[in-house]
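Me: I'd like a close look at the ligand and what surrounds it, please. Keep it relaxed, but give me the cut-offs.

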Amino acid sequence: MAGAMDSRIDEPRALAADAILRGLALKRLVKICCFDEVDSTNRLARDLARQGAAEGTVIIAEAQTHGRGRMGRVWISPPGVNLYISFLLRPELHPTQASKLTLTAAVAVAETVASYVPFSPRIKWPNDILLRGRKTAGILCELVCEAERSLFAVVGVGINLNFSPSLMPPELRYVATSLMGALGKPVDRLDFTRTLIQKMDTWYVTLTEGGFTPIADRWRRYARLEGRRIRVTQVDATFTAKAMDLDIDGALIVQTDDGTARRIVAGDIAFVDQN
Ligand code: BTN
């Protein structure tokens, strides 16, 4: 019946592991688990890791009731329109090198987003993906360590795909967007998810087998950061500076207003020039 068919067309199709995996050539991210609703895909991935889940387990949810952002923020996670995905990884990485994982994911997300939009997305250090200055994706990397060794990492990515900006809470509406908001039409969530997992797999293999240099180079291309005036916000300080470069471990090198070079390993930046 036409009526029944119409209502099915309006319902977003849930992401399913077999459809995601079909035809992909994955080396590491081989176990995909899809859920209708969880509190947080990062929380679930972390618990599974503690129970011994293998490297390369990928958790996807249609909705999150307690989606977590960086610095204690909430990640708004309505059902069926976006992508909430966490990668459980067990890299041989010293805990001080953890930001390499975040930057690896940022490159994979930026490349995936770039394949959908006719202009270049920007990575805002360390992990936001912006479309025309508005945030469309964020990454929360959580590392669990023992002494000097990383036991596992959970890299959680939230991407606003078909989230209508008009349905975003007022405090987000002018600072965030979605791919649909930028493109004026919805994107295919399954196709996007497949592309992202393939790219994340490839870049993770590069990180673990080839090193960080090619990732840092690609990251710089999307960040276009050098020389920009920025405001750095950390837990205990806020200051303006000139962005210089990405350090070999993923830290941001800035020049403060008295000419001193400084490494930023944690915090947020905002652009304060017009570029
Ligand atoms: C940020 O603050 O920019 C990071 C947002 C990360 C959100 C994602 S959604 C999937 C995963 N599960 C969570 O609870 N958070 C991350």
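Reply: Start with Arg-68: one of its backbone N or O atoms comes 2.7 Å from a nitrogen atom of the ligand. That's a polar contact, meaning a pair of N or O atoms within 3.5 Å. Keep in mind that this is a predicted model, where local features need pLDDT of at least 70, side-chain atom pairs need 80 or more, and totals for chains, interfaces and linings take in all residues. Numbering runs from 1 along each chain as its sequence is written, and side-chain values use heavy atoms, with hydrogens and water left out.

Side chains get involved too. Thr-41 puts a side-chain N or O atom 3.0 Å from a nitrogen atom of the ligand, while a polar side-chain atom of Lys-135 sits 2.5 Å from one of the ligand's oxygen atoms. As for cover, the ligand has 420 Å² of accessible area on its own, and the protein covers 99% of that (Shrake-Rupley method, 1.4 Å probe).

Now step back to the whole shell. It has 20 residues, each with a heavy atom within 4 Å of the ligand. Ser-40, Gln-64, Arg-68, Arg-70 and Lys-135 are the closest. Sorted by class, you get ten polar, six nonpolar and four charged residues; here Asp, Glu, Lys and Arg count as charged, Ala, Val, Leu, Ile, Met, Phe, Trp, Tyr, Cys and Pro as nonpolar, and the others, Gly among them, as polar.

Which elements supply at least two residues of that shell each? They are helix H3 (41-50) and strands E3 (83-89), E6 (134-146) and E7 (149-159). E6 gives the most, with four residues. These are DSSP runs numbered from the N terminus, with at least four residues for a helix (H or I) and at least two for a strand (E).

Finally, the space itself: the ligand sits in the largest pocket. "Sits in" means that more than half of its atoms lie within 2 Å of the pocket's grid points. A pocket is an open set of points, on a 1 Å grid over the protein atoms alone, where a 1.4 Å probe fits, with protein on both sides within 12 Å along at least five of seven lines.

Notes: Polar contact = N/O pair within 3.5 Å; in protein donor to acceptor, adjacent residues only side chain to side chain. 1 Å grid on protein atoms, 1.4 Å probe; cavity = no way out; pocket = protein on both sides within 12 Å on 5 of 7 lines; lining within 4 Å.
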